[in-house]
Amino acid sequence: MSELSAKVGLPDGHEVDVLAVPWMASAAPTGAWWEAVATAWLGVQTAAGTPEPSGWVGLGDPDRPDLFIERIGDGTAPEVAVRRAAGSAVRAARERGAASIGFVIPPGLPDPSSAFQAAAEGLGLGDWRYDNLRDVPGLTEPPGLRVIYTGSPDVEVDHAAVDRGWILAAAQNVARELIALPGNVATPRYLADAATRLGSEHGFEVQVWGESKLREEGFGALLAVARGSVEEPQFLILDHKGAGGDPHVIVGKGVTFDAGGISIKPAAGMEDMKYDMSGAAAVIGIMVAAAALDIPQRVIGLVPATENLPSGAAVKPGDVIRGLSGKSIEVINTDAEGRLILSDALTFAQRLSPQAIVDMATLTGACVIALGHHALALMTPDDELSEELTAAGQAADERVWRLPIWPEYRKQIDSEIADIKNTGGRPAGTITAGWFLRDFVDDAVPWAHLDIAGTAWSDEARGWKSKGAVGIGVRLVHEWLRSRP
Ligand SMILES: [Zn+2]
């Protein structure tokens, strides 16, 4: 378990093995002992035509740490650049086998508090990896000590911001581990047990509903999806009481493996479908952070969890089912199962007199086509909620982009035989999935849907992102909660 601390100034002698120096295009470092070597090195790199000089400078002095210099900035908001720099620095330090790392906050930032939080997040996120299922020869331990330096003796440490960033990163890493675990380990039951353990560790309440309770309550859509699997579906209700009052309700899709059901997916890449519970993992991470930070708002997390597999008992294309809302749903494509289980969860969420509902789901491949891997798709009829989530996404470097859910799209999911059908064809597939969900939410309830299909995992390590599970949504939702009363 690594430790994080923060200090005024710069290291005094060999306090850390590695010192990471972010080199902002907008703010040249001044007056510090590393200036000369950093300037000289960057000059060489720039002359050689390296567009983003970053890397190691050996100082050859046993009393001084090595330097890892990274060029950041170039139009990116300072706290975003700081988080990315801290992330790649700690990853580079770990790869080098360093036992400790210092990170210097660049001078002259407009919002030092955000920079402290961002640095802590980057240092907590950048070197995350999951190796418990294999032996990796020569695998280096994570740096046990991480220190944020203010760089200048005139800048005070914002300890609250450092603590907040460190806790958020740890909570995001909890989500990442759940996402990384394969489908035969992270079953619906495993998610329920993990949430229960984390609830007693951090102090949030956990209720788990199994199949008989779900039948009794009428969660017909979740049960229909689960019919093809031998794993029992689970519905998790996670409650951080805070200072009480009406809750903010966060809903996450928990399909622990998605083969598509009878509308089975192609084999290529199907292994990635263990990630189809990334929304659920984010909800669990959000609850961990809510309890650990003891935030004032009441937050309720809901997770419908199931597998989606083909079998003789599985729901079939053309079947008409009824979920908790009582609406009849024609299942055109059994691979559009996420919206089915979410329709039950969203119906339940409205019984909790929510101040707002936000759901997160790896919902549509069309989201990846529309936005690639750099934005979450946001759909909401609520302009205020849209603005809040957009701002939170920018602060967290988990950016969202709003798509329209105009009434014109609704007719794509009109059914000939039921109240609604679960797919609207290829055009605007992300939007019609969002519209399906909207159909289950009363217009008076502030609600937003985030499609995280393009952002839930990463093919490369870059900035604060490791390769693999991203744990997207944990910090975004917390930034949003922090902006609300
Ligand atoms: Zn699916």
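Colleague: How many bridges join strand β14 to β18, and in which sense do the two run?

Modeller: This is a predicted model, in which local features need pLDDT of at least 70, side-chain atom pairs count only at pLDDT 80 or more, and totals for chains, interfaces and linings use all residues. Residues are numbered from 1 along each chain as its sequence is written. Strands (E, at least two residues) are DSSP runs numbered from the N terminus, and two of them pair if DSSP finds at least two bridges between them. Strand β14 (residues 356-361) and β18 run parallel, and the number of bridges joining them is five.

Colleague: Which residue of β18 is the bridge partner of Met379?

Modeller: Strand β15 (residues 376-379) runs antiparallel to β18, with three bridges between them. On the β14 strand, Met360 has Leu450 as its bridge partner in β18. For Met379, the partner in β18 is His449.

Colleague: Are the faces of β18 buried or exposed?

Modeller: A residue is buried if 20 or more other C-beta atoms lie within 10 Å of its own, exposed if 12 or fewer, and partly exposed in between, with C-beta atoms placed from the backbone. One side of β18 carries Trp447, His449 and Asp451, and the other Ala448 and Leu450. Five of the five residues in β18 (residues 447-451) meet the criterion, and both faces are buried.

Colleague: Which strands stand at the edges of the open sheet β12-β13-β17?

Modeller: The three strands of this open sheet have mixed pairing. Strand β13 (residues 328-330) pairs with β17 in the parallel sense over two bridges, and Ile329 stands opposite Ile420 in β17. Each edge strand has a single partner strand, so one side of each is left without a neighbour in the sheet; these strands are β12 (320-322) and β17 (420-421).

Notes
Helix = DSSP H or I, 4+ residues; strand = E, 2+ residues; numbered from the N terminus.
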